Amino acid sequence: MTHSAPPTQGRTPAGGPGPDDGRTPRPGLSMGRVLGVPVYVSPSWFLVAVLVTVMFEGQVHGVVDRPLSYLVAFAYAVLLYGSVFVHELSHAVTARVFGLPVRSVTLHVLGGETSIEREAPTPGREFLIAFAGPLTNLVLAGLGLLAHATLALPDVALLLLEALTFANLLVGLFNLLPGLPLDGGRLVRAAVWKATGRSRSGAIFAGWVGRAVAIGCLVAGAYLATYTTAGGGVGWLALLWSALIASFIWVGATQAIRAERVRDRIPLLAARRLARRATLVTAGTPLAEAIRRAHDDHAGAIVIADHDGRPLGLVNEKAVTATPEHRRPWITAGELSRGVHDDLTLPADLAGDDLLEALRRAPASEYLLVEPDGRVYGVLAVADVDQAFTGI
């Protein structure tokens, strides 16, 4: 279980916050809001619910006759994910206590994730947000042990209690493994951050430990597949499940490492350096003529301007490419342009986080860059910004 704090990303088994850049689609079916946090259930959860029901029904059948045993087994699947949901909600509540906006909680095939919009500002808060999830599961396991020891329960209730107690104990301990994107990895990240004063050092170290944890999960699954003989194919099922978990951990850890490398490049981003030179034409200029002028000027963009040179619109590069060459003399540049409202007009001096925030605020494919006196400097294409991050 992890919590999301851009640019860090990750999904983990049995719960935890994951990435969200503010432009991603809904992660699943909306289940409403709890404490003001949107809750979603991924369609993959229903597949897991069926699988858990079928697997657990064998135990229930020893206590309850069919078909009621299937209903009890399904109730266990729902209660199991109820524990995961409480885990995720503990991340969300702790983050909100510290003033961090929570975008959503999502339950999915391997548990869940909580999307938190900003990174914790201090290692102490990072530690507490991450630890809230496993602590919740361990508390639930402790309450289950207490209920088991003190209450006289019917056989069905006792079976559900024992299964849920074990599940919460397993989830709590597993998520304390010391590698990203698990909660334990967040704890390691916070500790290294505190010791070194650099969150980057903590994330890189915990990411590499996460890769080691992924390999460990795969090795453990292979061991079970090789040496587990009871239950027929149980060993191979363990291998497949451990391989799925290992792949998620490996991908999450790799994303965390890559995110830090991306973060290192952010201060190097400069609108002026990435800008394409622009050719200014009037709206009535034939497209073929506008393209010719751009070639002569060695420009990579075309801007629609009035006769005084004031910018009015940007000619869309994709629209130009999609226009057959024989039609270009008969289409005006203005027909393939869109207006440059304030959000699409950026200062040419923007750089680093300020530049990325401006792009997030008004998503588009191209932006007009202007000098402080209003003169056109050039055009910034998002494709060029993305290219600056390739090869990381």
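Modeller: Let's start with a word we will need: two residues are in contact when they have heavy atoms within 4.5 Å of each other. Please keep in mind that this is a predicted model.

Colleague: Thanks! With that in hand, which residues is Phe-56 in contact with, leaving aside its neighbours within four places in sequence?

Modeller: They are Ala-73, Tyr-76, Leu-159, Leu-160 and Ala-163. Phe-56 is also one of the residues that touch the most other members of the largest nonpolar core, together with Val-60 and Tyr-76. That core has 33 residues.

Colleague: Which elements each supply at least two residues of this core?

Modeller: They are β2 (37–41), α1 (44–60), α2 (68–97), β3 (102–108) and α4 (155–174). The most comes from α2, with 11 residues. Another core of 19 residues lies apart from this one, and Leu-344, Ala-348, Leu-355 and Leu-356 are among its residues.

Colleague: Why might residues like these gather in a core?

Modeller: In soluble globular proteins, nonpolar side chains tend to be buried together.

Colleague: Now a glycine. Why is Gly-184 called buried?

Modeller: Set the value against the cut-off: buried means under 20% relative accessible area. Gly-184 has 2% relative accessibility, so Gly-184 counts as buried. This glycine lies in helix α5 (residues 183–196).

Colleague: What does Gly-184 touch, not counting residues up to four places away in sequence?

Modeller: Gly-184 touches Asn-175, Leu-176, Leu-177, Pro-178 and Gly-179. As for Gly-172, the two glycines are 12 residues apart in sequence, and their C-alpha atoms are 9.9 Å apart in space. For the whole chain of 392 residues, 46% count as buried.

Colleague: Let's move to a sheet. What makes β9 and β11 the edges of the sheet?

Modeller: Three strands form an open sheet in the order β9-β10-β11, with mixed pairing. β9 (345–347) and β11 (376–381) each have a single partner strand, so one side of each is left without a neighbour in the sheet. From one strand to the next, the twist averages 35°.

Colleague: How do you know that β10 and β11 are paired?

Modeller: Two strands pair if there are at least two bridges between them. Strand β10 (residues 366–370) and β11 have five bridges and run in the antiparallel sense. Set against that cut-off, five bridges are enough, so we call them paired. For example, Glu-366 has Ala-381 in β11 as its bridge partner, and Leu-368 stands opposite Val-379 in β11. In the hairpin that joins these strands, five residues lie between them, and Gly-374 takes a positive phi near 95°.

Colleague: What makes the pairing mixed?

Modeller: β9 and β10 pair in the parallel sense, over three bridges, whereas β10 and β11 pair in the antiparallel sense. Thr-345 has Leu-368 in β10 as its bridge partner. The chain crosses from β9 through helix α11 (residues 352–361) to β10, and this β-α-β crossover is right-handed.

Colleague: How do you know that β10 is mostly covered?

Modeller: Five of its five residues are buried. Glu-366, Leu-368 and Val-370 point one way from β10, Tyr-367 and Leu-369 point the other way, and all are buried.

Colleague: Finally, where does UniProt place the feature "domain: CBS"?

Modeller: The unreviewed UniProt entry places "domain: CBS" at residues 280–319. In the model, the end C-alpha atoms of that span lie 17 Å apart, and the span is 32% helix and 30% strand.

How values were computed
Residues numbered from 1 in each chain as written. Predicted model: local features only at pLDDT ≥ 70, side-chain atom pairs only at ≥ 80, totals over all residues. Heavy atoms only, no water. Helix = DSSP H or I, 4+ residues; strand = E, 2+ residues; numbered from the N terminus. Axes fitted to C-alpha atoms, helices over the stretch in contact; angles between N-to-C directions. UniProt positions renumbered as here; feature names shortened; annotations may be inferred. Core = buried A, V, L, I, M, F, W, Y, C linked by side-chain atoms within 4.5 Å. Buried < 20%, exposed > 50% of the residue type's maximum accessible area, 1.4 Å probe, protein only. Right-handed = clockwise from strand over helix to strand, strands pointing away.
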